[in-house]
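Visitor: I am new to reading structures. Could you take me through this one and give the reasoning behind each term?

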Amino acid sequence: MEGTSLLCLLFVISLLWCTTNQVRLTVSPSSSQLFKGESVSLSCEEDDSSAGWTLRRNTTKRQMTQCGDGWGKPAGSSCNIGYITTWDSGVYWCESREGSTSSIINITVSGGSVILQSPVLPVMEGHDVTLHCQTKSPPSKLPADFYKDGSLIRTEPTGHMTIHHVTKSDEGLYKCHISSHGESPPSWISVTEKPTTTPGLSTPLPVGLPVSIFVFICFLVFLVLLVRRCGQKKSKTDEVGEDVKYAEVKISRHPQQTRESDPAVIYSAVKREDVSYGQIVFNNTKPKTRETDPASIYSAVRTGDISYGQRSYN
C-alpha cells in the first residue's frame, strides 16, 4: 500500500513540477506576420519568474542561435529586434538552462504590401478568432478575400473575418488578398482541444503558485507516509509473542509416609501477566501416616505471556 502511495506521490510531484514550470513566449505586436522594417519584442514569461530563460530561433540562414548572437538585443528574458528583415522569418522559442523549452511560434516577415494578422499562439476550441488583412500603407480597412487551404472562404468588406467557436476543423493554412494591393503570405492557425475537467474538482490546479510551495507540500506528504510506515512496522513487532515457558514439578513420596495435612502448596507467579494456569495432581499409591510437614514448592516464571504450573505426586 505504501509503495503505491509513494508512486502516486512521485507522479503528483512530476505533474506539478511540469505544470508549474511552463513558460510562454509572447510577441509584441501580437501577430504571426510582420512587415519588413518593423520593430518587435519577444519575451519569455513564466508564472512565478522569468529568470533563466533564453530566446532561440531557427531561420533559413542559421540554426539554434540565441538572442544577441548576430541578431536582436537581449534584455533579461526578452529580446528586442529594432529592424526586422525577411531573414528574420523562422521559428522562435524559449529555452531554460536545464533544457526545458516553451512552445514554438512561427514568425513571417513580409517584404510585400499585405499581411494577414493572425494569432501567434494556438487557439483553444470554443473561442473566437479574428483575422485581419492589413496593408502597409493606408487605408487599411479595405475589402479582402480570405482563403483557407487555397479555397476561398468569403469576402469581407472591412478587411477582417471572425470565426466563431472554432473547432479542430477550422485548423489550416490561411491567407488573404486585397485587390490592387496584393496577397499576404500564408499562416498556419492551430486549434487546441479544450482541457477536460476532472470529476469532483471544482477548481483547476493552482498553476500560478511557485514550484517551491508544491515541492514543500509534497515533502510533507512523503514524510507523513514514512512515519506511518515506521509505526506499522513497530506495531507488528510488538504483536509477536515470546516463547511459552512451562514449569512442571513432580514429587515422589515414600510408601511408608501418609499425608495428613493439606497438600503441598505450589505458587506460580507470572510477572508479565496475561494468562496463568496452575495444576495439582495427587497420585498416592499407599496411604501412610506422616506428620504435618507439607512441602512447599515455589515456581516463578518471569518471562513469557503464558505460564503453566503443574504438580504431580507419585
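Guide: This is a predicted model. We can begin with an enclosed space: the second largest cavity has a volume of about 30 Å³.

Visitor: What makes it a cavity and not a pocket?

Guide: A cavity is a set of points where a 1.4 Å probe fits but cannot get out, whereas a pocket is an open set. The count comes to two cavities of 30 Å³ or more.

Visitor: Which residues line the second largest cavity?

Guide: The lining is made by V123, V129, I163, V166, D170, Y174, I189 and V191. By class, seven of these are nonpolar, none is polar and one is charged.

Visitor: How do you know which one is charged?

Guide: Asp, Glu, Lys and Arg count as charged. D170 is an Asp in that lining, so D170 is the charged residue.

Visitor: What is the volume of the second largest pocket, and what lines it?

Guide: The volume of that pocket is about 260 Å³. Its lining has 15 residues, and N106, V120, W188, I189 and S190 lie nearest its centre. β9 and β18 (187–189) are the elements that give two or more residues to this lining. Sorted by class, the lining of this pocket has nine nonpolar, six polar and no charged residues.

Visitor: Why is H165 called exposed?

Guide: The cut-off for exposed is over 50% relative accessible area. H165 has 55%, so H165 is exposed. H165 is found in the loop between β15 (160–163) and β16 (172–178). H165 also has a positive phi of about 50 degrees, although it is not a glycine.

Visitor: Why is M64 called partly exposed?

Guide: Buried means under 20% and exposed means over 50%, with partly exposed in between. M64 has 45% relative accessibility, so M64 falls in the middle class. M64 is not a glycine, yet has a positive phi of about 55 degrees. M64 lies in the loop between β4 and β5.

Visitor: What do β4 and β5 form?

Guide: They form a hairpin, with five residues between the two strands.

Visitor: How do you know that β4 and β5 pair?

Guide: Two strands pair if there are at least two bridges between them. Two bridges join β4 to β5, so the pair meets the rule. The two strands run antiparallel, and R57 stands opposite T65 in β5.

Visitor: How many bridges join β4 to β8?

Guide: Seven bridges join them, and these strands run antiparallel. In this pair, L55 stands opposite C94 in β8.

Visitor: What makes β4 "mostly covered"?

Guide: Buried means under 20% relative accessible area. Five of the seven residues of β4 are buried, so "mostly covered" fits.

Visitor: What is the order of the strands in the open sheet?

Guide: The five strands have the order β2-β9-β8-β4-β5.

Visitor: What makes β2 and β5 edge strands?

Guide: β2 (33–35) and β5 (65–66) each pair on one side only.

Visitor: Why is the pairing called mixed?

Guide: Strands of a sheet can pair either parallel or antiparallel. Here β2 and β9 run parallel and are joined by three bridges, while β4 and β8 run antiparallel. The sheet has both kinds, so its pairing is mixed. Within β9, T108 is the bridge partner of Q33.

Visitor: Which residues touch the most other members of the largest nonpolar core?

Guide: They are L42, L55, Y92, I105 and I107, in a core of 20 residues. The elements that give two or more residues to this core are β1 (23–28), β3 (40–46), β4 (53–59), β7 (78–81), β8 (90–96) and β9. Apart from it lies another core, of 17 residues, including V129, L142, A144 and I178.

Visitor: Where are the cis peptide bonds that involve P29 and P139?

Guide: One is from S28 to P29, with omega near 5 degrees, and P29 lies in the loop between β1 and β2. Another joins P138 and P139, where omega is about -5 degrees. P139 is in the loop between β12 (129–135) and β13 (144–148).

Conventions
Residues numbered from 1 in each chain as written. Predicted model: local features only at pLDDT ≥ 70, side-chain atom pairs only at ≥ 80, totals over all residues. Heavy atoms only, no water. Helix = DSSP H or I, 4+ residues; strand = E, 2+ residues; numbered from the N terminus. Core = buried A, V, L, I, M, F, W, Y, C linked by side-chain atoms within 4.5 Å. Buried < 20%, exposed > 50% of the residue type's maximum accessible area, 1.4 Å probe, protein only. 1 Å grid on protein atoms, 1.4 Å probe; cavity = no way out; pocket = protein on both sides within 12 Å on 5 of 7 lines; lining within 4 Å. Points joined across faces, edges and corners; volume = space filled by probe spheres on them.
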